[in-house]
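User: Could you walk me through the reasoning behind the labels on this structure? I'd like to see how each value meets its cut-off.

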Amino acid sequence: MRKTAGFVAACGVCCSFFTATPACAEAFDSKDVTILGEALHFVVPPPKGEISVAVVYNPAVTGSEQEAQQISKAFSDTSQNIGVTMHAFAVRLDDLNHNAFVAVVSANGAGTPILRNVLTSHHAVCVTGHLDQVENGSCQIYLTSQPTVDIRLNQDATDAADVHFATAFRIMVRTL
């Protein structure tokens, strides 16, 4: 229960600022990585031990690869005391399907039908700092901690990937 206390507190802050917080596309930082780890506790069944997180980028989009590298670095800069150890690796969108992973963080431009299809076949969780990717169903969770925590869930995308979250998570986040 203690592991999720910080996440619950963050979600409380998040929910109170939904209308006041604009959704901006900032690359994940170490705080976002910690929140992602806490959110994974709400996946049914939750991942345990060491997991791989693919940070997917679209090489056709300027800055996408650099964002993916920055996100991957945020994982290595984060002290992961969250019950699961996440190992991130950057991967091209076209190569994603050839890798093993439990979760995906999607960089700018990677939210395409290719990503959606891979998530569906892998039954994987997808998180992004780009709200448009969640709104179009390419990714399931929008997450940012800047300037305050904001977490949004696309239930249709989650259902399509056959990923299930505990009711407590769905209550704490905004569903699109």
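Analyst: Gladly! Let's begin with a cut-off: a disulfide is a pair of cysteine sulfur atoms within 2.5 Å. Please keep in mind that this is a predicted model.

User: What makes Cys126 and Cys139 a disulfide?

Analyst: Their sulfur atoms lie 2.0 Å apart, and the limit is within 2.5 Å, so the pair qualifies. A search of the whole structure finds one disulfide.

User: Why is the disulfide of Cys126 and Cys139 given a handedness, and which one is it?

Analyst: The torsion about the S-S bond is about -100°, so this disulfide is left-handed.

User: Which parts does the Cys126 and Cys139 pair tie together?

Analyst: Cys126 sits in strand 4 (residues 125-128), while Cys139 belongs to the loop between helix 5 and strand 5, so the bond ties together parts that are 13 residues apart in sequence. Both cysteines are buried.

User: How do you know whether Gln133 is buried or exposed?

Analyst: Its relative accessibility is 2%. Buried means under 20%, so Gln133 counts as buried. This residue lies in helix 5 (residues 131-135). Setting aside neighbours within four places in sequence, its contacts include Ser106, Asn108, Leu115, Thr128 and Cys139. Cys139 is thus a name you have already met: it is one of the two disulfide partners.

User: And what about Thr158: buried or exposed?

Analyst: With a relative accessible area of 1%, Thr158 falls under the 20% limit and is therefore buried. Thr158 has its place in helix 6 (residues 155-160). Beyond its neighbours within four places in sequence, Thr158 touches Gln140, Leu153, Val163 and Phe165.

User: What makes Phe42 and Phe169 an aromatic pair, and why is the pair called tilted?

Analyst: Two values settle the matter. The ring centres are 5.7 Å apart, and pairing needs centres within 6.5 Å, so the rings pair. The planes make an angle of 35°; stacked needs under 30 degrees and edge-to-face over 60, so the pair is tilted. Phe42 is in the loop between helix 2 and strand 1 (49-57) and Phe169 in helix 7 (residues 167-172), so the pair ties together parts that are 127 residues apart in sequence. Phe42 has a relative accessible area of 8% and is buried, and Phe169, at 0%, counts as buried as well.

User: Then why are Phe165 and Phe169 called stacked?

Analyst: Here the centres are 4.7 Å apart and the planes differ by 25°. Stacked requires under 30 degrees, so the label follows. Phe165 is buried, and so is Phe169. The ring pairs link Phe42, Phe165 and Phe169 into a cluster.

User: Which residues have the most contacts inside the largest nonpolar core?

Analyst: They are Phe75, Met86, Val125, Ile141, Phe165 and Phe169, in a core of 34 residues. Helix 2 (residues 30-40) gives the largest share of this core, five residues. Another core, of 17 residues, lies apart from it, with Phe101, Ala110, Cys139 and Tyr142 among its members.

User: How do you know that strand 5 pairs with strand 6?

Analyst: Strand pairing asks for at least two bridges, and four join strand 5 (residues 141-144) to strand 6. These two strands run antiparallel, with Leu143 opposite Ile151. They form a hairpin with five residues between them.

User: What makes strand 6 and strand 7 a pair?

Analyst: Two bridges join strand 6 to strand 7 (residues 174-175), and at least two are needed, so the condition is met. The strands run parallel, and Arg152 has Arg174 as its bridge partner in strand 7.

User: Why are both faces of strand 6 said to be covered?

Analyst: In a regular strand the side chains alternate between the two faces of the sheet. In strand 6 (residues 150-153), Asp150 and Arg152 are buried on one side, and Ile151 and Leu153 are buried on the other.

User: Finally, what does the chain as a whole come to?

Analyst: Its secondary structure has seven helices and seven strands, and 49% of the 176 residues count as buried. The exposed area is about 7900 Å², with carbon and sulfur atoms supplying 53% of it. Among contacts between residues at least 6 apart in sequence, 61% join residues at least 24 apart.

Key: Residues are numbered from 1 along each chain as its sequence is written. This is a predicted model: local features need pLDDT of at least 70, side-chain atom pairs count only at pLDDT 80 or more; totals for chains, interfaces and linings use all residues. Side-chain values use heavy atoms; hydrogens and water are left out. Buried means under 20% relative accessible area, exposed over 50%, partly exposed in between (1.4 Å probe, protein chains only). Contact means heavy atoms within 4.5 Å. Accessible areas come from the Shrake-Rupley method with a 1.4 Å probe; for residues, only the protein chains shown count as cover. A nonpolar core is a set of buried Ala, Val, Leu, Ile, Met, Phe, Trp, Tyr and Cys residues joined through side-chain atoms within 4.5 Å. Rings of Phe, Tyr and Trp (its six-membered ring) pair if their centres lie within 6.5 Å; planes under 30 degrees apart count as stacked, over 60 as edge-to-face and the rest as tilted.
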